[in-house]
Amino acid sequence: PVVRKTGGLADTVFDLDDPSKPYDDRNGFVFDGADNYAIEACMNRAFDLFKHRNHDLRQIQEKVMRTDNTWEKAGKEYVRLYRAMQA
């Protein structure tokens, strides 16, 4: 995915070039700005991966499709968090 870092997207999509995230957590292309340059630079990185490292792109696509981002999973995390706060 190509996303702007905002809301729930910031919690679920992690830039492929972000060294602060573990490699296995990186799953997309993220941009911060709300201007044409920010999205264009991000899209260019995605196009570059498509054109020059298509095999890597396929692996990332498969990994992302296996990721569980359902409300059921999120709900369980909220319950776990609330119970931890009660303790």
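Q: What is the volume of the second largest pocket, and which residues lie closest to its centre?
A: A pocket is read by its volume and by the residues that line it, and in this predicted model the second largest pocket has a volume of about 270 Å³. Its lining is made of 14 residues, and those closest to the centre are Leu16, Tyr23, Leu49, Arg53 and Ile60.

Q: Which helices each supply at least two residues of the lining of the second largest pocket?
A: A lining can also be read by the elements of the chain that contribute to it. Here H2 and H3 each supply at least two residues, and the largest share, four residues, comes from H3. Sorted by character, the lining of this second largest pocket holds five nonpolar residues, one polar residue and eight charged residues.

Q: What is the volume of the largest pocket, and how many residues line it?
A: The same reading can be applied again, beginning with volume and going on to the lining. The largest pocket has a volume of about 570 Å³, and 20 residues line it, with Asp11, Thr12, Asp68, Asn69 and Lys73 lying nearest its centre. The elements that give two or more residues to this lining are H1 and H4, and H4 provides the largest share, seven residues. By character, the lining of the largest pocket divides into six nonpolar, six polar and eight charged residues.

Q: Which residues make up the largest nonpolar core?
A: To read a core, one looks for its members and then for the elements that carry them. The largest nonpolar core has nine residues in all, namely Leu16, Phe29, Phe31, Ala38, Cys42, Ala46, Leu49, Leu57 and Ile60. Two or more of these residues come from each of strand S2 (29-31), helix H2 (36-52) and helix H3 (54-66), and H2 gives the most to this core, with four residues.

Q: Which residues does isoleucine 60 touch, not counting residues up to four places away in sequence?
A: Contacts between residues that are not neighbours in sequence help a reader to place a single side chain. With residues up to four places away left out, isoleucine 60 touches Leu16, Asn27 and Leu49. Ile60, Leu16 and Leu49 are also members of the largest nonpolar core, and they are among the residues closest to the centre of the second largest pocket.

Q: How many salt bridges does the structure hold, and which residues are linked in a network of them?
A: A salt bridge is read as a pair, and pairs that share a residue can be followed onward as a network. The structure holds five salt bridges, and Asp15, Asp17 and Arg45 are linked in such a network. Arginine 45 forms a salt bridge with aspartate 15, their closest N and O atoms being 2.6 Å apart. Since arginine 45 lies in helix H2 and aspartate 15 in the loop between helix H1 (7-12) and S2, the pair ties together parts that are 30 residues apart in sequence. Aspartate 17 also forms a salt bridge with arginine 45, and there too the closest N and O atoms are 2.6 Å apart. This pair links distant parts of the chain, with aspartate 17 in the loop between H1 and S2 and arginine 45 in helix H2, 28 residues apart.

Q: Are aspartate 15 and aspartate 17 buried or exposed?
A: Relative accessible area is the value to read here, and under 20% counts as buried while over 50% counts as exposed. Aspartate 15, with a relative accessible area of 11%, is therefore buried, whereas aspartate 17, at 52%, counts as exposed. Their partner arginine 45 is partly exposed, with a relative accessible area of 27%.

Q: Where do glutamate 77 and arginine 80 lie?
A: A salt bridge may also be read by its place within an element. Glutamate 77 and arginine 80 both lie in helix H4 (residues 71-86), three residues apart, which is about one turn of the helix. They form a salt bridge in which the closest N and O atoms are 3.1 Å apart. Glutamate 77 is partly exposed, with a relative accessible area of 40%, and arginine 80 is partly exposed as well, with a relative accessible area of 49%.

Q: Where is the place of glutamine 86, and what distance separates its C-alpha atom from that of methionine 65?
A: Separation along the chain and separation in space are two readings to be kept side by side. Glutamine 86 has its place in helix H4 and counts as exposed at 68% relative accessibility. Glutamine 86 and methionine 65 are 21 residues apart along the chain, and their C-alpha atoms are separated by 35 Å.

Note on methods. Residues numbered from 1 in each chain as written. Predicted model: local features only at pLDDT ≥ 70, side-chain atom pairs only at ≥ 80, totals over all residues. Heavy atoms only, no water. Core = buried A, V, L, I, M, F, W, Y, C linked by side-chain atoms within 4.5 Å. Buried < 20%, exposed > 50% of the residue type's maximum accessible area, 1.4 Å probe, protein only. Contact = heavy atoms within 4.5 Å. Salt bridge = Lys/Arg side-chain N within 4 Å of Asp/Glu carboxyl O. 1 Å grid on protein atoms, 1.4 Å probe; cavity = no way out; pocket = protein on both sides within 12 Å on 5 of 7 lines; lining within 4 Å. Points joined across faces, edges and corners; volume = space filled by probe spheres on them. Nonpolar A, V, L, I, M, F, W, Y, C, P; charged D, E, K, R; others polar.
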